[in-house]
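The following exercises are to be worked through with the sequence and the model at hand. Each task is followed by a solution in steps.

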Amino acid sequence: MRVSATRRLLSTFLSAVLLHAGLAIPVRSQETPAASVDPKVALNEARDLIKNGDLSQAVDLLKQTIELSNEDTGSLREAYLLLIKSYELWGIEELDSPRGRTGAEPYFKEARDVIAECLRNRALRHTQPEPVPEHMAQDFAQVRRDIFGSFRLTKLNPPAAVVLLEGDTLRVAPGDSLPSDTDLLVGPRRVVVTHPGYKDYTELVTIQANTIGTGVYDLSKRRSKRWYAAVGTGLAAGVGGVIALVAGNGGAAAAKPDPVLPDPPPPPAH
């Protein structure tokens, strides 16, 4: 017992000396291990954690995986979907707890924030939710209504003209006859309409949330240099003819003699 007490005193003394000297005492890290270098391996680990109900570990792992997957669109999309799903399942668990909706809402809000972050990535803006849990699809729909609008042409002449919206070519959707696009972030967007032989047209359109904007574009033909030369020649010939006609009429008028007036009548007889 005396030896044990002596050891405790010695340990306390050494710790005090180390702290006084500014030396840190090693402590085992409690942080979540870093994600695997391979995002696909990390995604598989996250799926297992979600399946086993370890949502906290899954969330930490998926956040790290998103940071590692910036150049891999497929893995990035999958990591976002799994992270959103984890928060949704966490919120659903809280719904059954004594705190109910009050406890669940912070997790649902976190899920919506991650959805918005995902959809604001241009390469991921068309990402669709998994069908389960159902609440996940509802949150995706809500976020889309808040941050996205659509744009559709109602007239395009010539029909084969190319329409660019912020540099992306608008395509004709199946079952439609004119170009359009969906999942467009709200705000001003630049539209450029081009076609060979026609003048380009550019304008700014404003995309509004949960609204379908429309565009009407009727391009004017671009005249060739030959056309302008022909028009110029025709105008010059016309002006020259008018000048010649005026000059000719003026000369004839100058050559025409003045009319001869009759002699005055004789004075009356007395």
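**Exercise 1. Establish the surroundings of L83 and the core to which this residue belongs.**

Solution. Setting aside neighbours within four places in sequence, L83 is in contact with V59, L62, K63, I66 and V114; contact means heavy atoms within 4.5 Å. The model is predicted: local features need pLDDT of at least 70, side-chain atom pairs count only at pLDDT 80 or more, and totals for chains, interfaces and linings use all residues. Residues are numbered from 1 along each chain as its sequence is written, and side-chain values use heavy atoms, with hydrogens and water left out.

Next, consider the nonpolar core, a set of buried Ala, Val, Leu, Ile, Met, Phe, Trp, Tyr and Cys residues joined through side-chain atoms within 4.5 Å. Buried means under 20% relative accessible area, exposed over 50%, and partly exposed in between (1.4 Å probe, protein chains only). The largest such core has 30 residues, and L83 is among those with the most contacts inside it, together with L62, Y80, I84, L119 and F140. At least two residues of this core come from each of α2 (39–51), α3 (55–68), α4, α5 and α6; helices (H or I, at least four residues) and strands (E, at least two) are DSSP runs, numbered from the N terminus. The greatest contribution, eight residues, is that of α4. Another core, of 16 residues, lies apart and includes F151, L156, V163 and Y217.

**Exercise 2. Classify the aromatic pairs.**

Solution. Rings of Phe, Tyr and Trp (its six-membered ring) pair if their centres lie within 6.5 Å; planes under 30 degrees apart count as stacked, over 60 as edge-to-face and the rest as tilted. By this rule there are two aromatic pairs.

- W90 and Y107 have ring centres 4.8 Å apart and planes at 25°, so this pair is stacked. Because W90 lies in helix α4 (residues 73–95) and Y107 in helix α5 (residues 101–120), the pair ties together parts 17 residues apart in sequence.
- Y201 and Y217 have ring centres 5.7 Å apart and planes at 50°, so this pair is tilted. Y201 is in strand β7 (residues 201–207) and Y217 in strand β8 (residues 212–218), so the parts tied together are 16 residues apart in sequence. Y201 is partly exposed at 37% relative accessible area, whereas Y217 is buried at 1%.

**Exercise 3. Characterise E94.**

Solution. E94 lies in helix α4. With a relative accessible area of 15%, E94 is buried. Beyond neighbours within four places in sequence, E94 is in contact with R99, G100, G103, A104 and Y107.
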